[in-house]
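Welcome! Please take a moment to look over the sequence and the model below before reading on.

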Amino acid sequence: RELAPGAYWVPGWLTLEQQAWIVARFREWADGPVPLRGAVVNGHEMSVKTVCLGWHWRPYQYTREAVDVNGSRVLDFPDWMVRLGRRALAEATGDLPAGETYTPDTALVNYYDQQARMGMHQDRDEAALDPVVSLSIGDTCRFRFGNTENRGRPYEDIDLASGDLFVFGGPSRLAHHGIPKVYPGTAPDGCGLGRGRINITMRVTGLPG
Ligand code: MD5
Ligand code: FE
């Protein structure tokens, strides 16, 4: 369903088998060169823990090395994820040509434990405004989808469950959004994640090479 212009929600897009396979990859990424960590924003460590692929994100900047963690280069952005992102964009929006040319170069992989929250923000550290593709696995969360002007009302709250796909493009690319709540113990059997929630966001940084 199109929640707002450019914002497409496809509940249950990933099969349980795909979810469990991605969770197994997540465990490899978290054991990779750069560990999961809470980014420090305005002197506060985020409760959401992140590991990146392709480019390392820290507030306001993307770099190849995780300079604010351990200095290691992040893992490459996998080809399978480019293909998954293209199919996600095409199927969510119905825009098949856009799906064919979409080339995400970065994924932020967020882990939420049952207490984790993400405050209202915009994603504006990318030099490009290509769509963001978001996949959720594990516990259901409340997702707050706001407006482009400010962090407050109007906003709409929806519940994102394991397997849900969201695409943010066009006028929704710069909408404020956040995760006010995770619902503990709501992950489906077979998704591969016993507790907490994973969200993968694929992005185009607009950076060279
Ligand atoms: C999450 N992640 O569930 C969310 C889902 C983040 C983040 O917010 O920055 O890592 S991605 C939601 C998103 C991305 C781009 C635009 C909009 C929402 N939006 O316009 O609402 O961990
Ligand atoms: Fe965001």
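Here is a short tour of the sheet, the metal site and the salt bridges.

This is a predicted model. An open sheet of 7 strands is a good place to begin. From there we move to an iron ion (ligand 2) coordinated by H121, D123 and H177, and then to some of the 10 salt bridges found in the whole structure.

**The sheet and its helices**

- Reading across the open sheet, the strands come in the order β1-β2-β13-β10-β15-β8-β5, and their pairing is antiparallel.
- At the edges are β1 (2–4) and β5 (49–53), each of which pairs on one side only.
- From one strand to the next, the twist averages 20°.
- Strands β10 (residues 132–138) and β15 (residues 197–203) are joined over 6 bridges in the antiparallel sense, and I137 stands opposite I198 in β15.
- Helix α1 (residues 16–30) lies across β5, β8 (106–112), β10 and β15, and runs at about 85° to β15.
- Helix α2 (residues 79–93) also packs on the sheet, where the strands it touches include β2 (7–10) and β13 (165–168). The direction of helix α2 makes about 80° with that of β13.

**The iron site**

- H121 and H177 each coordinate the iron ion (ligand 2) through NE2, while D123 does so through OD, at 2.1 to 2.8 Å.
- Along the sequence, these donor residues follow the spacing H-x1-D-x53-H.
- H121 belongs to strand β9 (residues 118–121) and H177 to strand β14 (residues 177–182), so the pair ties together parts that are 56 residues apart in sequence.
- What makes the arrangement irregular? The 6 donor atoms around the iron ion (ligand 2) subtend angles of 50 to 176°.
- H121 is partly exposed, at 21% relative accessible area, whereas H177 counts as buried at 16%.

**Salt bridges**

- E156 forms a salt bridge with R1, with the closest N and O atoms 3.1 Å apart. This pair links distant parts of the chain, since E156 is in strand β12 (residues 156–160) and R1 is in the segment before β1, 155 residues apart.
- E156 is partly exposed, with 31% relative accessible area, and R1 is exposed at 55%.
- K49 and E45 meet through their side chains at 3.0 Å, N to O. Here K49 is partly exposed at 25%, while E45 is exposed at 53%.
- E126 and R203 form another salt bridge, at 2.9 Å from N to O. E126 sits in the loop between β9 and β10 and R203 in strand β15, 77 residues apart.
- Are E126 and R203 buried or exposed? Both E126 and R203 are buried.
- Salt bridges with shared partners join D123, E126, R173 and R203 into one network.

Definitions and conventions: Residues numbered from 1 in each chain as written. Chains lettered and ligands numbered in written order. Predicted model: local features only at pLDDT ≥ 70, side-chain atom pairs only at ≥ 80, totals over all residues. Heavy atoms only, no water. Pairing = 2+ DSSP bridges. Helix = DSSP H or I, 4+ residues; strand = E, 2+ residues; numbered from the N terminus. Axes fitted to C-alpha atoms, helices over the stretch in contact; angles between N-to-C directions. Contact = heavy atoms within 4.5 Å. Donors = N, O, S within 2.8 Å, 3.2 Å for Na, K, Ca; no water. Tetrahedral: all angles 85-135°; square planar, octahedral: opposite > 155°, others 65-115°. Buried < 20%, exposed > 50% of the residue type's maximum accessible area, 1.4 Å probe, protein only. Salt bridge = Lys/Arg side-chain N within 4 Å of Asp/Glu carboxyl O.
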